[in-house]
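Here is a short walk through one protein model, from its overall fold down to a few residues that repay a second look. Keep the viewer open as you read.

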Amino acid sequence: MISARVAAGADVLLLAPVRGLYAEVGPVLGALGGFAPDAVGLGISSEDLKGIVDYFVLADAEPVVPLTGNETSEVRGLVRFGEVRVPNPSFVEVVGWGRANAVPVAPLDPDEEEAANLFTQNIGYVELVRRTVAERKVGRTPPTPPTPDAYALAWDKQVAGGRGSRAYAAAKDQHLVAETRRLAHGRTRVAVVVDRERFDGVRTQLAGRAPGR
């Protein structure tokens, strides 16, 4: 997990665990406990947050989660660093932590309809083909860097390194930052949890600089 403190209308603690790696849960919850935020924002949509609450936090038993081919490949490459869970266990446990500590947890990403609009605005046919080819290639031969942090960055670079993909990521981050500022209004401390590969883009925009992804 990587983290940073940013002044963005409140004292914002930005946490970025590696997606799926269960070993990241402890550091995330430890950071939240030490920071004692007034609210927590997650880099997921409202639909995803509802699914986590309904099927993982409040459910008596966790459901079987079908994975796409791309997700299966990503997990296969990540599992050599430790136990991997889907959906992202850091998000699941943060939601549970919020409920246990009476701290509101809010989604910060666009909803599914808006995300689809942003995707079509930024990713044309050529870029879509490039992403599809890249996903198949990285699925056959996942990156093999020495750390989970480097793995997350290498995976994202291979799949979403094109100009349109970077523009789409920046647009999502812009939405997340705007929602973070709304969440921070009237509060003193806010924590934000995003996937590792989003850390630099979100931190840059939170600090008021132009996105450089």
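Contact here means heavy atoms within 4.5 Å. With that in hand, start at Ala152, which lies in helix α7 (residues 148-160); helices (H or I, at least four residues) and strands (E, at least two) are DSSP runs, numbered from the N terminus. Leaving aside neighbours within four places in sequence, Ala152 is in contact with Val18, Arg196 and Glu197. The C-alpha atoms of Ala152 and Pro17 are 9.6 Å apart, although 135 residues separate the two along the chain. Ala152 counts as buried because its relative accessible area is 8%, where buried means under 20%, exposed over 50% and partly exposed in between (1.4 Å probe, protein chains only).

A word on the ground rules. This is a predicted model, in which local features need pLDDT of at least 70 and side-chain atom pairs count only at pLDDT 80 or more, while totals for chains, interfaces and linings use all residues. Residues are numbered from 1 along each chain as its sequence is written, and side-chain values use heavy atoms, with hydrogens and water left out.

**The whole chain**

The protein chain has nine helices and five strands. Their order along the sequence is β-β-α-β-α-α-α-β-α-α-α-α-β-α. The radius of gyration, taken over C-alpha atoms, is 17 Å, which agrees with the value near 17 Å for a compact globule of 213 residues; the globule rule is 2.2 Å times the number of residues to the power 0.38. Along the principal axes, the C-alpha trace spans about 45 × 40 × 35 Å.

Of the 213 residues, 45% are buried. Among contacts with a separation of 6 or more, 78% are between residues 24 or more positions apart. The accessible surface is about 10500 Å², and carbon and sulfur atoms hold 53% of that area; the areas come from the Shrake-Rupley method with a 1.4 Å probe, and for residues only the protein chains shown count as cover.

What about charge? The chain carries 25 positive and 26 negative side chains, and the centres of the two sets lie 7 Å apart. Lys and Arg count as positive and Asp and Glu as negative, while His and the chain ends are not counted. Each charge is placed at NZ of Lys, CZ of Arg, CG of Asp or CD of Glu.

**Aromatic rings and Ser73**

Searching the whole structure gives three aromatic pairs. One of them joins Tyr151 and Trp155 in a tilted arrangement, 6.0 Å centre to centre with 35 degrees between the planes. Rings of Phe, Tyr and Trp (its six-membered ring) pair if their centres lie within 6.5 Å; planes under 30 degrees apart count as stacked, over 60 as edge-to-face and the rest as tilted. Tyr151 and Trp155 are both in helix α7, four residues apart, about one turn of the helix. An α-helix has 3.6 residues a turn, so residues three or four places apart point the same way. Both Tyr151 and Trp155 are buried, and together with Phe81 they form one aromatic cluster.

Which residues does Ser73 touch, not counting those up to four places away in sequence? They are Gly139, Pro142, Tyr151 and Trp155. Ser73 belongs to helix α3 (residues 69-78) and, at 8% relative accessibility, is buried.

**A covered helix**

Helix α9 (residues 199-206) is mostly covered, with six of its eight residues buried. Those buried residues are Phe199, Gly201, Val202, Thr204, Gln205 and Leu206. Their cover includes β1 (2-7), β2 (11-16) and α8 (163-184). After α9 comes Gly208, with a positive phi near 85 degrees.

**Backbone points to check**

Most residues other than glycine have a negative phi, and most peptide bonds are trans. Two alanines here have a positive phi, as the table shows.

| Residue | Phi | Place | Relative accessibility |
|---|---|---|---|
| Ala36 | about 55 degrees | loop between α1 (25-35) and β3 (39-42) | 37%, partly exposed |
| Ala102 | near 55 degrees | loop between α4 and β4 (105-107) | 72%, exposed |

Finally, Val86 and Pro87 are joined by a cis peptide bond, with omega about 0 degrees. Pro87 sits in the loop between α3 and α4 (89-100).
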